[in-house]
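The following exercises concern one protein model. Each consists of a task and a solution worked in steps.

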Amino acid sequence: MISISNPRQRLMTFRQKEKFQYMMLLIPGCILYGLFNFLPLIGTFFMSLISWPGIGPWEFVGTGNYEELLTNEVMRERLFQAFWQTLLFFGLCIGFFLLVGTVFSLLLSWNTAGKKYYKMVFFLPYPLAAIAIAFLGQLIVDVRGPLNQLLQFVGASDGPVLFLGDEDTALPTIAAFYIWQKLGFVIMLILSAILGVRSDLLEAAVLDGASRWQCIRHVVLPVLTPAFILITILIMVDVFNNADLVLILMGPDAGPYYSTDVMGTFQYRTAFGSSGGSSAADLGMASAIGIVIALMILPGSIYLGLKNLRDR
């Protein structure tokens, strides 16, 4: 006698269907990520094992580029200086983003008059190219620009301040340009997380007698943790890999006296040579620096990503 099994037993459970849908949605993204990120990373690693100026024959040196990077006094000094200055640049930016960006996002989440206009003003610099941000920022901080005129008018400065010409102010000034460009994007991410807070939780807190600050502290801020982690990862990867503002404003030598040298300019200068011709181009060494940059940001990215998963 042939038994007919129940058709319901052959169907996937809801949890299995959900996991299957997640997997199918992730596969295209994983394929694209592998093609445009993972494969170039493998190519960069193999290129870091050779010495090649970009034209002509290349020479296989194995781990020679990494050894020279850590043992050559000049290269090691430039590497650590660029690393600490990149870390400082990142610290200035992420601190401003998380503090000021959260304050602006909270203000925009309330019934603030003209908040649509403020959203547009905040987000307007983000789509602009780096060359436009650098040009506008340089006009503002120029010795005859509006910022210097204002400082002298209020008596805060006796003469023009060389924002981009002084070793102490050049890097923070470029960080300010970067913050101005990216602040709108950060505000939108935090604002989206704020608007995703369940209204019934806020209503329950208000009914229990909680003040506005208590609602923000105990209901809203805990929900913003995933957004903060995402912003930290995105800004860290961007700061360590890109140096467009420094290259546009200060050139590959990252003046004055390498005071604005970050990992991106150090890698660019190694790959294509300095503007004065004091260093030769070496794409192999630049690839080794790229691998070192990836190793620098990998632990932080993994930690923040795992923390984000645990918090969900």
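**Exercise 1. The loop around P256**

In which loop is P256 found? Determine also the geometry of the peptide bond that joins G255 and P256, and describe the backbone of A254 and Y258.

Solution. The model is a predicted one.

Step 1. P256 is found in the loop that runs between α12 (244–250) and α13 (263–272).

Step 2. The peptide bond joining G255 and P256 is cis, with omega at about -5°.

Step 3. A254 is not a glycine, yet its phi is positive, at about 50°. Y258, likewise not a glycine, has a positive phi of about 60°. A254 lies in the loop between α12 and α13, and Y258 has its place in the loop between α12 and α13 as well.

Step 4. For context, most residues other than glycine have a negative phi, and most peptide bonds are trans.

Step 5. The accessibility of each residue completes the description. A254 is buried because its relative accessibility is 0%, under the cut-off of 20%. Y258 has a relative accessible area of 22%, so it counts as partly exposed.

**Exercise 2. The surroundings of I179**

State where I179 is placed, classify I179 as buried or exposed, and list the residues in contact with I179 beyond its neighbours within four places in sequence.

Solution. Step 1. I179 belongs to helix α8.

Step 2. The relative accessibility of I179 is 11%, and therefore I179 counts as buried.

Step 3. Once neighbours within four places in sequence are set aside, the contacts of I179 are L92, C93, F96 and F97. Of these contacts, C93 is itself buried, at 0% relative accessibility.

Step 4. A further pair links sequence to space: I179 and P125 are 54 residues apart along the sequence, and their C-alpha atoms are 10.0 Å apart.

**Exercise 3. A residue in another loop**

Locate A156, decide whether A156 is buried or exposed, and give the C-alpha separation of A156 and I131.

Solution. Step 1. A156 sits in the loop between α7 (146–153) and α8 (170–195).

Step 2. The relative accessible area of A156 is 58%, so A156 is exposed; the cut-off for this class is over 50%.

Step 3. A156 and I131 are 25 residues apart along the chain, and 30 Å separates their C-alpha atoms.

**Exercise 4. The protein as a whole**

Compare the radius of gyration of the protein with that of a compact globule of 312 residues, then characterise its contacts, surface, charges and disulfides.

Solution. Step 1. A compact globule of 312 residues would have a radius of gyration near 20 Å, whereas the protein has 25 Å. The C-alpha trace spans about 85 × 70 × 30 Å along the principal axes.

Step 2. The protein has 14 helices and two strands. Of its contacts with a separation of 6 or more, 63% are between residues 24 or more positions apart.

Step 3. Buried residues account for 35% of the 312 residues. The exposed area of the protein is about 19,200 Å², of which carbon and sulfur atoms supply 67%.

Step 4. There are 19 positive and 20 negative side chains, and 21 Å lies between the centres of the two sets.

Step 5. A disulfide is a covalent bond between the sulfur atoms of two cysteines. The structure holds zero disulfides. Among the cysteines, C215 is buried, with a relative accessible area of 8%.

Methods:
Residues are numbered from 1 along each chain as its sequence is written. This is a predicted model: local features need pLDDT of at least 70, side-chain atom pairs count only at pLDDT 80 or more; totals for chains, interfaces and linings use all residues. Side-chain values use heavy atoms; hydrogens and water are left out. Helices (H or I, at least four residues) and strands (E, at least two) are DSSP runs, numbered from the N terminus. The radius of gyration is taken over C-alpha atoms; the globule rule is 2.2 Å times the number of residues to the power 0.38. Buried means under 20% relative accessible area, exposed over 50%, partly exposed in between (1.4 Å probe, protein chains only). Contact means heavy atoms within 4.5 Å. Accessible areas come from the Shrake-Rupley method with a 1.4 Å probe; for residues, only the protein chains shown count as cover. Lys and Arg count as positive and Asp and Glu as negative; His and the chain ends are not counted. The place of a charge is taken as NZ of Lys, CZ of Arg, CG of Asp or CD of Glu. A disulfide is a pair of cysteine sulfur atoms within 2.5 Å.
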